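Me: I should like to learn how to read the features of a protein model. May we work through one together?

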Amino acid sequence: MPLSLLRQMRRINRDQWIEPDNLEAVQLHRLKRQVKRAWDYSPFYRERLSSAGFEPGDLKSIDDLRRLPVLTKSELQAAGGDAFCSDIDLDSCVWLKTSGSSGSPLSLPFTSRDKSHRVLKELRALMAHGYKFTDRMIIFVEPRCMVEKKNSLQKLGLLRRDYVSIFADQPDQLARIESIHPQVIYGYTSSLRIIAESLAHNNSSLPVPKVLMTAAELLDPATRKLLKDGFGTEPADFYGSMEFGWIGWQCQERHGYHINSDCLIVECLKDGQPAGGGEEGELVITNLYSDAAPLIRYSSGDSGVLSSEKCRCGRSLPILESLTGRLADCISLPGGRKVSPYTVTCAIEDIPGVGQFQVVQRKDWTVNISLVPSSRNLNTDDVRTAVQKMLGHDVAVVVEATSRLPLDPNGKFRVVRSYVNPLQPTAQRDISEQGCIQQ
């Protein structure tokens, strides 16, 4: 393994144990660098900071960050290339795109340095559960996140990743697990739930993994028990997004989520001000490692509750007590089969002209799709055909264009909702797009 990677791995493992005051000093040092880069190389951020009466030299403490306005996804999309740093060759970057579960996909560039820190955060969380570099992992993801080419480490038998499409037939998914015999299984909660339900229905079992990782959707107590019974391993939940990679993760105590605060700054805001202890608030995140596309006070679209308690594991990384927010329901089909919501969102987001969308399954099984066009070239028949292909012809698919999508009564937006067989509606835990695990 490259010596530089080992040094970085040692540092990031050390950072999770340092004292809170030292952790804040680390954050401030890295935040100053990030703000200075945004000021020097991004016209969008320079104007944004100037409009707030703020210059890089004004940053004396983490609290000074609150002088800057919160950045929304729509503002970032409108800024285009001006939001990226001009000293970076964007053609050499890896471009990642959100899964579309928020109903409004976004693409961002990441340098090799950006990407390496995403990987290091993932490895740190995995190692907390006993992961070894020689362990084999199977990942259930969208086809666009699947990586077939092996890197140099994987050719040596390290950090091995095997990818399985969440759209594959269940027998094929089960066969891959049985043939690979992975030590780690990772996937969207809804996708793993469907597999666990199939195992329970057929009274069958699979090789027991060392680590079972869930992400991107609700993990309520009933689903946690179902996964534990089906896979033989207590699931560990992870919170992340395309924009930031892994934001928080459950250690073996499984009490809240350790925030990767040496790499990120996570604020919990209520009415624009820091939420009080135990109060739910909007999660606003600043990336401390994002050379190509700085994300400073970015609204994640998620809400949660921060905790002042220290985890029994002894790590100094702060705790996100719970997550509340967008809940992606499974789509139910006649006959009892369930389909991951990403089956629908991934089909929709690839259609040209789709700006934002919302999917609602009615009690009569009909799937209604509301679209806000991003151009006049949107063909709603293309959307209906793509979704119908994914769901089959047992349910009706209705597509309509609209100028505005409705919010939930609590003011939140859910891109997929099923009234046929919803997941636990009262359970806390519900997040936005989960970043794909990178190599």
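Me: Where is the place of Asp-364?

Reply: One begins by placing a residue among the helices and strands. This is a predicted model, and in it Asp-364 is in the loop between strand E17 (354–361) and strand E18 (367–373).

Me: Is Asp-364 buried or exposed?

Reply: The general idea is to compare the relative accessible area with a cut-off: buried means under 20%, exposed means over 50%, and partly exposed lies in between. Asp-364 has 52% relative accessibility, so it counts as exposed.

Me: How far apart are Asp-364 and Gln-16 in space?

Reply: Here one reads two separations, one along the sequence and one through space. Asp-364 and Gln-16 are 348 residues apart in sequence, and their C-alpha atoms are 50 Å apart.

Me: How many helices and strands are there in the chain?

Reply: The chain has eleven helices and 20 strands. Its radius of gyration is 21 Å, close to the 22 Å that the globule rule gives for 439 residues, so the chain is as compact as a globular protein of that length. Along the principal axes, the C-alpha atoms fill a box of roughly 65 × 50 × 45 Å.

Me: What percentage of the residues in the chain is buried?

Reply: Buried residues account for 57% of the 439 residues. The chain exposes about 18,500 Å², and carbon and sulfur atoms supply 48% of that area.

Me: How should I read contacts and charges over the whole chain?

Reply: For contacts, one asks how far along the sequence the partners lie. Of the contacts between residues at least 6 apart in sequence, 69% join residues at least 24 apart. For charges, one compares mean positions: those of the 54 positive and 53 negative charges are 4 Å apart.

Me: Which residues touch the most other members of the largest nonpolar core?

Reply: The largest nonpolar core holds 78 residues, and those touching the most other members are Leu-31, Leu-76, Leu-108, Met-213, Phe-238 and Tyr-239. Helix H2 (residues 20–41) gives the most to this core, with six residues.

Me: Which residues does Leu-31 touch, not counting residues up to four places away in sequence?

Reply: Setting those neighbours aside reveals the partners from elsewhere in the chain. Leu-31 touches Leu-59, Ile-62, Leu-65, Ile-265, Thr-286 and Leu-288.

Me: Is Arg-30 buried or exposed?

Reply: Arg-30 is placed in helix H2. Its relative accessible area is 12%, so Arg-30 is buried. Leaving aside neighbours within four places in sequence, Arg-30 is in contact with Arg-11, Asp-15, Asp-262, Leu-288 and Tyr-289. Leu-288 is thus a name to look for twice: it is in contact with Arg-30, and Leu-31 touches it too.

Me: What may be learned from Glu-178?

Reply: Glu-178 lies in helix H7 (residues 170–180). With a relative accessible area of 47%, Glu-178 is partly exposed. Not counting residues up to four places away in sequence, Glu-178 touches Ser-205, Leu-206 and Pro-207. Glu-178 and Ser-205 are 27 residues apart along the chain, and 9.5 Å separates their C-alpha atoms.

Me: Which value does phi of His-181 have?

Reply: The general idea is that most residues other than glycine have a negative phi. Phi of His-181 is near 55°, a positive value in a residue other than glycine. His-181 lies in the loop between H7 and strand E5 (184–188), and it is partly exposed, with a relative accessible area of 44%.

Me: Where does Asn-203 lie?

Reply: Asn-203 lies in the loop between helix H8 (189–202) and strand E6 (211–215). Although it is not a glycine, Asn-203 has a positive phi of about 50°. At 73% relative accessibility, Asn-203 counts as exposed.

Me: How do Arg-404 and Pro-171 read by these methods?

Reply: Arg-404 lies in the loop between strand E19 (397–401) and strand E20 (416–418), and it is exposed, with a relative accessible area of 70%. Arg-404 and Ser-370 are 34 residues apart along the chain, with 8.9 Å between their C-alpha atoms. Pro-171 is found in helix H7 and is exposed, at a relative accessible area of 59%. Between Pro-171 and Gln-358, 187 residues apart along the chain, the C-alpha separation is 30 Å.

Technical notes: Residues numbered from 1 in each chain as written. Predicted model: local features only at pLDDT ≥ 70, side-chain atom pairs only at ≥ 80, totals over all residues. Heavy atoms only, no water. Helix = DSSP H or I, 4+ residues; strand = E, 2+ residues; numbered from the N terminus. Rg over C-alpha atoms; globule rule 2.2 N^0.38 Å. Buried < 20%, exposed > 50% of the residue type's maximum accessible area, 1.4 Å probe, protein only. Contact = heavy atoms within 4.5 Å. Areas by Shrake-Rupley, 256 points an atom, 1.4 Å probe, with all protein chains shown as cover. Lys, Arg positive; Asp, Glu negative; His and termini not counted. Charge placed at Lys NZ, Arg CZ, Asp CG, Glu CD. Core = buried A, V, L, I, M, F, W, Y, C linked by side-chain atoms within 4.5 Å.
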